[in-house]
Amino acid sequence: MVEGKVVVVTGAGGGIGRDIALAMASHGAKVVVNDIGAALDGEGGSAGPAQQVVDEIRAAGGQAVPNTDSVADAASAARIVECAVESFGRIDAVINNAGILRDRFFHKMSVDEWDAVIKVHLYGAYYVSRAAATHFKEQNSGALVHMTSTSGLIGNYGQANYAAAKLGIAALSKSIALDMLKFNVRSNCIAPFAWSRMIGAIPTDTDEQRARVDKIKQMTPAKVAPLAVYLASEAASAVNGQIFSVRNNEISLISQPRPVRSIHRSEGWTPQSIAEHAMPAMRASFYPLDRSADVFSWDPV
């Protein structure tokens, strides 16, 4: 599917990123395996995880190089793209997968916890995409695949920073798709459901919680990789500006914000008339605040 293409996968030292990198290589791509080797909260660093994935790819007969630059800094992110160009002569696709967590209920969240997550997820997706965009424009081709999350699309407890970043990525992807369409550059999102260290902190204090986690563990990161490979390939040349989810063996197309109900009043609105007429009519269409009531909960169908 991606024979001869050069693909950058950020956060590829483990989890979903690792499986995407391995799948890209198995389908013929030359892969830049980017990972700073940090802990889940972004602290620390090691060249080991990226190198280990590169070793796996090479052992299977594929081509890959490691990279340990951070996506959270513009100059560092640009070096990730340059690594692809210097190593393999071009860049054809970027998978923006790198991420960290600093979960905290909103009223307790610190500025540092907010900044750290936004910089890796949202700024990181922007920095790497922007660095690649110049090459894509010049060669009149390219594909971007960004990892969003139902935490942003739907909402989640204790993840205001992560959710804001992930919903921002969905908007960023749509804007890139519009801006770069004339250069044959595509931009799409995946909201993955998969067991990884990113969701490994889900409580398992009760039998119900343990049963839920056991279900989630069935959704392996490898299930996400085929869609990422497809979106990076020429077979997806007509797919642009979309959001997909992958949940075990299920692929879904996610709806994007559209008006669900409108009410017109020829004389205009006052706060009182909104309270008496508009809101009672619209309330039936309100989105449920309880995440568990939504079909896209973490539990598999």
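Trainee: Which backbone atom lies 2.9 Å from a polar atom of the side chain of Ser-273?

Mentor: That's the backbone nitrogen of Thr-270. A polar contact needs its N or O atoms within 3.5 Å, and this pair is at 2.9 Å. One thing to keep in mind as we go: this is a predicted model.

Trainee: Where does Ser-273 sit, and what else is it in contact with?

Mentor: Ser-273 is in helix H9, residues 271-282. Leave aside the neighbours within four places in sequence, and its contacts are Arg-265 and Ala-278.

Trainee: Why is Ser-273 called buried?

Mentor: Its relative accessible area is 6%. Buried means under 20%, so Ser-273 counts as buried.

Trainee: What makes Arg-265 a charge over a ring?

Mentor: Arg-265 lies over the face of Trp-269, at 5.6 Å from the ring centre. The distance cut-off is 6 Å, and 5.6 Å fits. There's another example to look at: the charged end of Arg-247 sits over the ring of Phe-193, 5.3 Å from its centre.

Trainee: Back to serines. What does the side chain of Ser-151 make a polar contact with?

Mentor: With the side chain of Gln-159, at 2.7 Å. Set that against the 3.5 Å limit and the name fits. Ser-151 is in helix H5, residues 150-153, and at 1% relative accessible area it's buried too.

Trainee: On to the rings. How many aromatic pairs does the structure hold?

Mentor: Two. Take Tyr-123 and Tyr-127 to begin with: their centres are 5.7 Å apart and their planes are at 75°.

Trainee: Why is the pair of Tyr-123 and Tyr-127 called edge-to-face?

Mentor: Rings pair if their centres lie within 6.5 Å, and planes over 60 degrees apart count as edge-to-face. With 5.7 Å and 75°, Tyr-123 and Tyr-127 meet both conditions, so edge-to-face it is. They're four residues apart in helix H4, which means about one helical turn separates them.

Trainee: And why is the pair of Tyr-126 and Tyr-127 called tilted?

Mentor: Here the centres are 5.6 Å apart and the planes at 50°. Stacked would need an angle under 30 degrees and edge-to-face one over 60. An angle of 50° is neither, so the pair of Tyr-126 and Tyr-127 is tilted. Put together, Tyr-123, Tyr-126 and Tyr-127 form one aromatic cluster.

Trainee: Tyr-123 and Tyr-127: how do you know which is buried and which partly exposed?

Mentor: Check the percentages. Tyr-127 has 18%, and the limit for buried is under 20%, so Tyr-127 is buried. Tyr-123 is at 40%, which falls between 20% and 50%, so Tyr-123 is partly exposed. Tyr-126 also counts as partly exposed, at 40%.

Trainee: How many residues does the largest nonpolar core have, and which have the most contacts inside it?

Mentor: It has 38 residues, and the ones with the most contacts inside it are Val-8, Val-32, Ile-91, Val-94, Val-128 and Phe-136. Among the elements giving two or more residues are strand S1, helix H3 and helix H6. H4 gives the most, with ten residues. Phe-136 is in contact with residues including Ile-91, Val-94, Leu-144, Phe-183 and Val-185, leaving aside its neighbours within four places in sequence. A second, separate core of 35 residues includes Ala-23, Val-31, Val-145 and Ala-232.

Trainee: Why is S6 said to be largely enclosed by the rest of the structure?

Mentor: Nine of its nine residues are buried, so that description follows. Both faces take part: Val-185, Ser-187, Cys-189, Ala-191 and Phe-193 point one way, Arg-186, Asn-188, Ile-190 and Pro-192 the other, and all are buried.

Trainee: How do you know that strand S5 and S6 pair?

Mentor: Pairing takes at least two bridges, and six join strand S5, residues 142-147, to S6. These two run parallel. In S6, the partner of Gly-142 is Val-185. Strand S7, residues 243-247, passes that test as well: five bridges join S6 to S7, again parallel. In S7, Pro-192 has Val-246 as its bridge partner.

Trainee: How many helices and strands does the protein have?

Mentor: Nine helices and eight strands. Buried residues make up 47% of the 301 residues.

How values were computed. Residues are numbered from 1 along each chain as its sequence is written. This is a predicted model: local features need pLDDT of at least 70, side-chain atom pairs count only at pLDDT 80 or more; totals for chains, interfaces and linings use all residues. Side-chain values use heavy atoms; hydrogens and water are left out. A nonpolar core is a set of buried Ala, Val, Leu, Ile, Met, Phe, Trp, Tyr and Cys residues joined through side-chain atoms within 4.5 Å. Buried means under 20% relative accessible area, exposed over 50%, partly exposed in between (1.4 Å probe, protein chains only). Contact means heavy atoms within 4.5 Å. Rings of Phe, Tyr and Trp (its six-membered ring) pair if their centres lie within 6.5 Å; planes under 30 degrees apart count as stacked, over 60 as edge-to-face and the rest as tilted. A charge sits over a ring if NZ of Lys or CZ of Arg is within 6 Å of the ring centre and within 35 degrees of the ring normal. A polar contact is a pair of N or O atoms within 3.5 Å; within protein, one must be able to donate a hydrogen and the other to accept it, and residues adjacent in sequence count only if both atoms are side-chain atoms.
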